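Work through the exercises below with the structure open beside you. Try each task before you read its solution.

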Amino acid sequence: MKKISLGLLLLFCFSLFAQENYPKDAFGPPMDIPIILAGTFGELRSNHFHSGVDIKTQQREGIPINAIGDGTITRIKVSLWGYGKVLYIAHPNGYTSVYGHLQKFSPAIEAYIKKLQYNKKSFEVEVFPDYGELKVSKGELIAYSGNTGGSAGPHLHFEIRSSISEKPTNPLMYGLDVADATNPILEKLFAYPLTDKSHVNNNYERTQVNFSKQSDGTFLADKVTALGDIGVGFIGFDRLDMAANKNGVYSVELSVNGKIYSLYDFESFSFGETRYINTLVDYDYYGRNRQKIQKSFKSPGNNLSIYKDLYNDGKIKINEGLSYTAKLLIKDYAGNKIELHIPIKGVKNLLGNKKEITKTDNYVIAKKPNNFDLGGAKVYFPTNTFYEDFYIDLKKGKDTVTIHSNTVPAHRNFTITFDVSKYSKEEQKQLFIARLDSKLRPNHANTYKRGNEFTTRTRNLGTYTLAKDSVAPTIRTKNFKEKQWLNNYKYLSVQIADDLSGVDKYSATLNGEWILMEYEPKRNTLTYNFDDKIADQTQCVLEVNVTDNVGNTNTLTTSFYRK
Ligand SMILES: [Zn+2]
């Protein structure tokens, strides 16, 4: 007993320590422009919480980025996806700062990476420099802001992680100066009956509740009648000063008659738990309406560590004849808040029996592996693919498989296997598995071909089909014409595209020597920088090779002059 108490005490001290130990004055800002956020830490993204802040860069690229503190660069990555060009700095105080979607690095780091890219003959590279090999000091220029990787517009993605646990932490806790005197905004409120016998406003389903602003600035919901275990959820966002962006809120507290039932905030989380976001949001509503309801109660399978306080998993037990006041308190990091009161009265259920749930031929048990043979196609869900057991809707059409719909989240990858034996070996070469998007356009899914079986691994429910790509990628010059003199040109630009399966790989040579061409999939361009000084001669021959995801290849050979 003594040992356990001591352990608990230590744990308690550690968490106290961890919360208050964020250094407030150690770091400077990553840019010299005013810090305005287009995205906050913990913001609800698709299948993950945002692990940093997105800092606006005045709608342009090329803003100098400075190291926020003394340190050593521990990782540099150039990727077509994700963070694009990204740089990690470990600081002596135990934190690592991360700078993503960069346009380019500082001249010294750019030279370091270029050397690696030419050695590996690859645009995409990742390197972990030795500790102390690339030292930086506070305020030193390290890069320029950009829009590389999975970025929809120019901005800096900025993170501060614990160097040891790699847990991302809220960058606003380190004294970053962000103007925010604007309250969060509440858009919609919902109440949920959580058992077979519960009801809300004589309804067995998620029920929207109206609310209005009171003269004291708080909000008051319409009176709710209910019985049994119920829950509360909302759609809302935070607005910061000088920005129209809908950012995520910092903390959400639900209390009932003065007692806190649930409280979570975005101080920190781990990458390992980020996908559990699909248990915090109402995934069914998201799948149908593309809007995220944040639930103040814990649903099955929710393993999130963001809760600071939890009573009865945030579920409110409503008894007949009794009255309750639930209070939802939503805050941003600066402490601006909205307060909503929900009057609830315990009233008998007048509905009768709950209506039967829709049954299908197939039932999935979340805690077991589930295998389905649909004739011509197979679907395999490993243990814990899903959070809950449910009747799954599986349909097989000609070369298509429909796996339920995107209203149920999958936590783990599952596999879909097509039997392609009815196709000739030649036809099979051009076939791939595609996922149909909401507009029924086929999107290439990584297809593993083994004999007459094509398999893909995915975490997205929906419709998959066999698609055929027989057309090679297109390649054409963009900023020059054949046999042109390019004396004052800084760049060579080439446009590449593939209509169906997408570009898989590319390479380029200048007079027979490999050159680095940076690929920007968002603009379908390959760019060569003449500063690389490869094959600097008067008559130049450029050759570009592009291969799509089923192996169709195209080559462009063109020439130009340069003195
Ligand atoms: Zn970001």
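**Exercise 1. The annotated domain**

Task: Find which residues the UniProt annotation "domain: M23ase beta-sheet core" covers, and describe each span.

Solution. Keep in mind that this is a predicted model. Start with the record. The unreviewed UniProt entry places the annotation on residues 49-111 and 135-171. Next, take the spans one by one. Residues 49-111 are 49% strand and 8% helix. The C-alpha atoms at the ends of this span are 34 Å apart. Residues 135-171 are 43% strand and 0% helix. Here the end C-alpha atoms lie 22 Å apart.

**Exercise 2. Domains and a contact**

Task: List the domains in the domain assignment of the protein. Then describe how domain 1 and domain 2 meet.

Solution. First, the list. The assignment gives domain 1 (37-173), domain 2 (185-346), domain 3 (362-468) and domain 4 (474-561). Second, the spacing. A distance of 34 Å separates the C-alpha centres of domain 1 and domain 2. Third, the contact. Domain 1 contributes 25 residues, and domain 2 contributes 25 residues. Fourth, the area. An interface's size is often given as the accessible area lost when the parts come together. Between them, domain 1 and domain 2 bury about 2,200 Å². Carbon and sulfur atoms account for 62% of that area. Last, the residues. On the domain 1 side, L44, N47 and F49 lose the most area to domain 2. Together they make up 34% of what that side buries.

**Exercise 3. The largest pocket**

Task: Give the volume of the largest pocket. Then work out which residues, elements and domains line it.

Solution. Begin with the volume, about 1,700 Å³. Now go to the centre. The lining has 39 residues, and E205, D284, I357, E388 and F390 are the closest to the centre. Next, the elements. Strand 13 (185-193), helix 3 (277-280), helix 4 (283-289) and strand 29 (390-392) each give two or more residues. Helix 4 supplies the largest share, 3 residues. Then sort by class: 16 nonpolar, 8 polar and 15 charged residues. Finish with the domains. Domain 2 and domain 3 each give at least three residues to this lining.

**Exercise 4. The second largest pocket**

Task: Repeat the steps for the second largest pocket.

Solution. The volume is about 840 Å³. The lining has 34 residues. Nearest the centre are K85, Q103, Y491, E518 and T527. Elements that give two or more residues include helix 2 (107-120), strand 40 (491-497) and strand 44 (525-529). Strand 44 gives the most, with 4 residues. By class, the lining splits into 12 nonpolar, 9 polar and 13 charged residues. For the domains, domain 1 and domain 4 each provide at least three lining residues.

Notes: Residues numbered from 1 in each chain as written. Predicted model: local features only at pLDDT ≥ 70, side-chain atom pairs only at ≥ 80, totals over all residues. Heavy atoms only, no water. UniProt positions renumbered as here; feature names shortened; annotations may be inferred. 1 Å grid on protein atoms, 1.4 Å probe; cavity = no way out; pocket = protein on both sides within 12 Å on 5 of 7 lines; lining within 4 Å. Points joined across faces, edges and corners; volume = space filled by probe spheres on them. Nonpolar A, V, L, I, M, F, W, Y, C, P; charged D, E, K, R; others polar. Domains from an automatic or database assignment. Contact = heavy atoms within 4.5 Å. Buried area = accessible area lost by both parts, 1.4 Å probe.
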